[in-house]
Amino acid sequence: MKYIVIIDQGTTSTRAIIYNTGGEVIAQSQEEFKQIYPQPGYVEHDPIDILSSVRSVISTALTKARVKYSQILCLGITNQRETVVAWDKQTGEPIYNALVWQCRRTKDRCLQLKQLGYEPMVQKKTGLQIDSYFSASKMEWILQHIDKAKSLLQKNQLCIGTIDTYLLWQLSGGKIYKTDYTNASRTMLYNIHELRWDEELCALFQVPVEILPEVCPSSHLYGYTDKEVLGFEVPISSIAGDQQSSLFGQCCFEKGDLKVTYGTGCFLLLNTGKEAYQSKNGLITTLNCQTVDTPSYALEGSVFVGGAVIQWLRDELHLISTSAESEVLAQSVDSTNGVYLVPAFVGLGAPYWNFDAEGLITGITRGTNRSHIVRAALEGIAYQVNDVSTSMTKDMNQQVHFIKVDGGASANQFLMEFQANISNASILSPLNKEVTALGAFYLAALQQKLYSGLEDIKQVNPIEKIYPPTMNEDKRKILLDGWNKAIKKSQYK
Ligand code: ADP
């Protein structure tokens with residue numbers, strides 16, 4: 001038997017998952033690492049911590065799976081996106097902590113660029129809005145603030161890139177300096193239409209284009225792991241940013257395929273095929289995982305407060321004692337009795353983009369009880385997801401008829417049924433919900449020619465449950481009207 005090792009390097013933890021060639025998970029191991037908050041709004045990781053967590057989870061997972069080095073076919077990587085690491089090409093030593101995607105230290109610089117009118121140009125080339133969230137301004141910050149970066153740059157000895165590039169370089173013993181399209185498309189330096197680092201953007205952020213890594217398809221023979229580093233030498237066959245990897249893991253291979261991850265927030269990606277749509281609703285355009293050099297695109301949007309509203313009901317209001325109880329309470333009543341809960345705890349994202357919006361519960365009467373409020377909270381998640389997906393379909397000018405789901409809150413059957421009804425689309429829940437790592441597995445398995453093509457792959461993770469829409473149009477319209485009124489109220493000052 002042969003096995004594939006997938007590394008899922010996330011924001012708070014690193015996992016290694018061992019798959020057999022049939023796509024079954026044989027064993028896994030997970031390790032959290034330190035989150036560094038030097039001052040409010042700043043978030044860093046120690047790259048050495050990240051690398052050692054990777055080595056440690058691989059070793060533990062292999063031991064658990066009783067897999068010998070000689071049985072490893074290849075390795076694949078999926079990773080937190082946008083986070084930037086800089087290191088010394090000679091020694092491999094990081095010259096500063098990784099600047100994590102959440103880090104806001106460059107927000108004033110981004111605001112300045114917006115005020116100077118750069119946004120349309122940046123959006124046109126990268127599909128992104130200028131924001132400190134993306135890598136470009138973080139790279140600029142390192143190059144301008146860290147003396148070691150300046151001196152290494154002069155000696156032509158500076159490496160700088162996203163987490164995948166750092167791991168690839170380290171695991172190959174300093175031999176491979178590459179990234180993939182999905183990660184490159186989050187840097188704000190990559191032209192997603194021409195598939196190249198953009199000279200104008202590199203000049204704007206003062207990042208010399210020649211120090212950036214080579215960009216390859218997500219399913220690709222990147223090179224080999226170094227025996228000295230991992231104990232075994234195998235091909236590195238896939239790299240993908242986490243959200244795009246999960247889109248691929250959900251088998252959303254065609255134009256019109258949509259996936260929603262219901263976690264703390266909700267993350268939506270819609271495959272738009274060969275066409276890169278520029279959103280009129282503040283969504284992002286990004287590159288999909290590719291198995292070949294022809295680009296394909298997705299629209300991406302998120303809901304800031306998804307499952308987090310259920311945590312809020314549990315931990316702050318004490319209306320429920322477990323997240324799962326929310327389902328029982330929601331189903332104990334026929335409706336919310338006119339109650340709406342807009343969880344605009346941090347303002348409203350797409351398509352409203354109103355950071356002054358405030359959370360609210362509206363429509364309360366003497367007859368309102370906790371079940372109504374809990375139900376309204378779950379419905380609020382579905383309405384928000386629907387608002388984003390509706391914006392996406394408007395941008396693409398095409399309806400979606402099914403939505404693939406994953407993430408913690410997708411276990412809530414009430415939520416899934418309501419989503420199907422309010423979005424008038426079937427909700428498809430796969431058997432294996434760990435789709436982020438699965439995407440990187442598929443990509444690696446394709447590179448290794450274990451599967452003949454995408455159709456073949458669909459057999460690996462069958463749909464476990466389908467929630468068809470059952471609500472009539474009139475009822476849907478009445479509910480959506482109520483939600484739209486509540487959204488307006490949440491923005492009333
Ligand atoms: P993340 O990766 O963002 O930490 P997870 O995918 O682990 O998120 O999902 C956790 C979130 O899902 C939490 O916000 C939790 O409140 C919510 N959640 C988990 N189970 C349920 C459930 N049965 N019903 C509703 N929400 C749930």
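## The sheet

Which residue in β5 does I4 stand opposite? The partner is C74. Keep in mind while browsing that this is a predicted model.

That pair belongs to a parallel match: strand β1, residues 3-9, is joined to strand β5, residues 72-79, by seven bridges. Zoom out and you get an open sheet of six strands, ordered β3-β2-β1-β5-β14-β13, with mixed pairing. At its edges sit β3 (25-32) and β13 (219-224), each of which pairs on one side only. On average, neighbouring strands here are turned by 25° against each other, ignoring direction.

## A helix across the strands

Helix α6, made of residues 163-171, lies across four strands of the model: β1, β5, β13 and β14 (235-241). Relative to β5, helix α6 runs at about 150°.

## Two helix pairs

A quick reminder before the numbers: a pair of packed helices is described by the angle between the axes and by how far apart those axes are.

Start with α10 (residues 242-249) and α15 (residues 435-447). Their axes are 6 Å apart and the packing angle is about 75°. Angles of 65 to 115 degrees count as roughly perpendicular, so α10 is roughly perpendicular to α15. On the α10 side, the residues in contact are D242, S245, S246, F248 and G249. They meet V435, T436, L438, G439, A440, Y442, L443 and L446 from α15. Sorted by class, this contact holds seven nonpolar, five polar and one charged residues.

The other pair is α13 (residues 370-396) with α17 (residues 473-490), whose axes come within 11 Å and cross at roughly 90°. That crossing therefore makes α13 and α17 roughly perpendicular to each other as well. Here G380, Y383, Q384, N386 and D387 from α13 meet L479, L480 and W483 from α17. The class breakdown for this contact is four nonpolar, three polar and one charged residues.

## Around the ligand

Now for the ligand. It is surrounded by 13 residues, and the closest are T264, G307, Q311, G408 and N412.

What do the polar contacts look like? Take the side chain of Q311: one of its N or O atoms is 2.7 Å from an oxygen atom of the ligand. Backbone atoms take part too. A polar backbone atom of G408 is 2.8 Å from a ligand oxygen, while for G307 a polar backbone atom is 3.0 Å from an oxygen atom of the ligand.

Methods. Residues are numbered from 1 along each chain as its sequence is written. This is a predicted model: local features need pLDDT of at least 70, side-chain atom pairs count only at pLDDT 80 or more; totals for chains, interfaces and linings use all residues. Side-chain values use heavy atoms; hydrogens and water are left out. Two strands pair if DSSP finds at least two bridges between them. Helices (H or I, at least four residues) and strands (E, at least two) are DSSP runs, numbered from the N terminus. Axes are lines fitted to C-alpha atoms, for helices over the stretch in contact, and angles run from 0 to 180 degrees between N-to-C directions. Contact means heavy atoms within 4.5 Å. Angles under 35 degrees count as roughly parallel, over 145 as roughly antiparallel, 65 to 115 as roughly perpendicular and the rest as oblique. Ala, Val, Leu, Ile, Met, Phe, Trp, Tyr, Cys and Pro count as nonpolar, Asp, Glu, Lys and Arg as charged, and the others, Gly among them, as polar. A residue is near a molecule or strand if one of its heavy atoms lies within 4 Å of it. A polar contact is a pair of N or O atoms within 3.5 Å; within protein, one must be able to donate a hydrogen and the other to accept it, and residues adjacent in sequence count only if both atoms are side-chain atoms.
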